[in-house]
Amino acid sequence: MKQILEAIERSAIRIKHAIDVKDIGYSQEQNSSGETQLQLDIQSDLIIEEELSHVKSVHTIASEEKELPMLLSETGQYFIAFDPLDGSSLVDVNLSVGSIFGIYDGEFVGSKLIASCYVVYGPRVELVFAYNGKVKLYLLQEGEFEYVKEIHLNEKGKIMAPGGTQQFWAPYHKAMIDSFFTTGYRLRYSGGMVPDLHQILLKGGGLFSYPGATDKPEGKLRQLFEVFPFAMIFEMAGGKAIDGKIRVLDKVTAHVHDTTPCFFGSKHEISVVADVYGRN
Ligand code: F6P
C-alpha cells in the first residue's frame, strides 16, 4: 500500500505541473461517459497509468478516461479505479479540480474497497488518504506530502452542495433541499466533486447530493472512480454515504462506468435524506 500511495503522490506532483503549464485545449476524443476529453484529462490519465505500472502489487487499473480496465501485472493483488482529473472543465476558469483513487482488493466491487485517496489541486495541493479506519490529510510542501491531521466529521454540518439540474429534480428532493436551506444551511457548490466534498469534510459536515433525476435517473457520478472512494472516506470520517435508500458501498456494479445517485454527509443530514427517500 505504501508503494501505491507513493505512486499517487508522484502522479499528483506531475499532474499539478501539467495543470500549471500545459495547453488545456479540447481533444477530438470523448470518454466513456460521452464527455469531450481535454488534453489535460488524457495527459493525467497517462501519468497515473505510467506511475502505477511501476508498482508490482497493482493487478488492474480502470480509469474514467479508458473504455476498459487494463491489466498491469498478473501477480498483483490490487485493482485501482481512478478519475485522473475530475472537474477538468473548471481548469480554464481557474477553480479547484482533483484526482480520485479507489483501491480494491482483487476485484472492482464496492465491498472490496480497502483504501481511498483524493488529491485537490487548488491554491494549495492537498491529499487525503483513507485506510485502516483513519482519514489523513497531507499538504504538498516543497515537493513532499507532509502529514497535517486526521479528518473527523461532526454529527451535523452547515454546508449544502446540491448537484444536478433543479429543473429535473423530483419534487420531494427539491422540498428536502429547500428545507435544509430554510434551517440555516449555506450553499457551497463549485461543480467540482473533489473540492466540494473536501470542503464538507474539512468544515466538519454538511450534505453533498447528486440525485437521480428525470434527465439522469441513475445520477451522473461514477461508482468505481468517484462515488465508492468518497463513500469510504465519509464513512471512515464518521459520516455516511447512501444512494437515497441504501449504503452506496453495498451497490452492485455491473459495468466499469456505472453511475449511481449519491448523498454524502454527516450523520444528521443523511438521516434526513434516508427518511425523505424512504417515504418516496
Ligand atoms: O463528474 C464530473 C463532475 O464535474 C463532478 O466533479 C461534479 O460534482 C459534477 O460533475 C457536477 O455536475 P453538475 O454540473 O451537473 O452539477
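I will go through the ligand site and then one pair of packed helices in this predicted model. Residues are numbered from 1 along each chain as its sequence is written, and side-chain values use heavy atoms, with hydrogens and water left out. Because the model is predicted, local features need pLDDT of at least 70 and side-chain atom pairs count only at pLDDT 80 or more, while totals for chains, interfaces and linings use all residues.

Let me begin with the ligand. Of the 13 residues around the ligand (a heavy atom within 4 Å), D86, Y189, M193, Y210 and K220 come nearest. That shell divides into five nonpolar, four polar and four charged residues, where Ala, Val, Leu, Ile, Met, Phe, Trp, Tyr, Cys and Pro count as nonpolar, Asp, Glu, Lys and Arg as charged, and the others, Gly among them, as polar.

As for the backbone, a backbone N or O atom of M193 lies 2.8 Å from a ligand oxygen atom, and for G191 the corresponding distance is 3.3 Å.

M193 also leads us to the helices, since it belongs to the contact (heavy atoms within 4.5 Å) that α4 makes through M193, V194, L197, I200 and L201 with E226, V227, F230, I233 and F234 of α5. Helix α4 (residues 193–202) and helix α5 (residues 223–236), both DSSP runs (H or I, at least four residues) numbered from the N terminus, pack at an angle of about 10° with their axes 12 Å apart; these axes are lines fitted to C-alpha atoms over the stretch in contact, with angles from 0 to 180 degrees between N-to-C directions. The two helices are therefore roughly parallel, a term for angles under 35 degrees. Their contact residues divide into nine nonpolar, no polar and one charged.

Key: Angles under 35 degrees count as roughly parallel, over 145 as roughly antiparallel, 65 to 115 as roughly perpendicular and the rest as oblique. A polar contact is a pair of N or O atoms within 3.5 Å; within protein, one must be able to donate a hydrogen and the other to accept it, and residues adjacent in sequence count only if both atoms are side-chain atoms.
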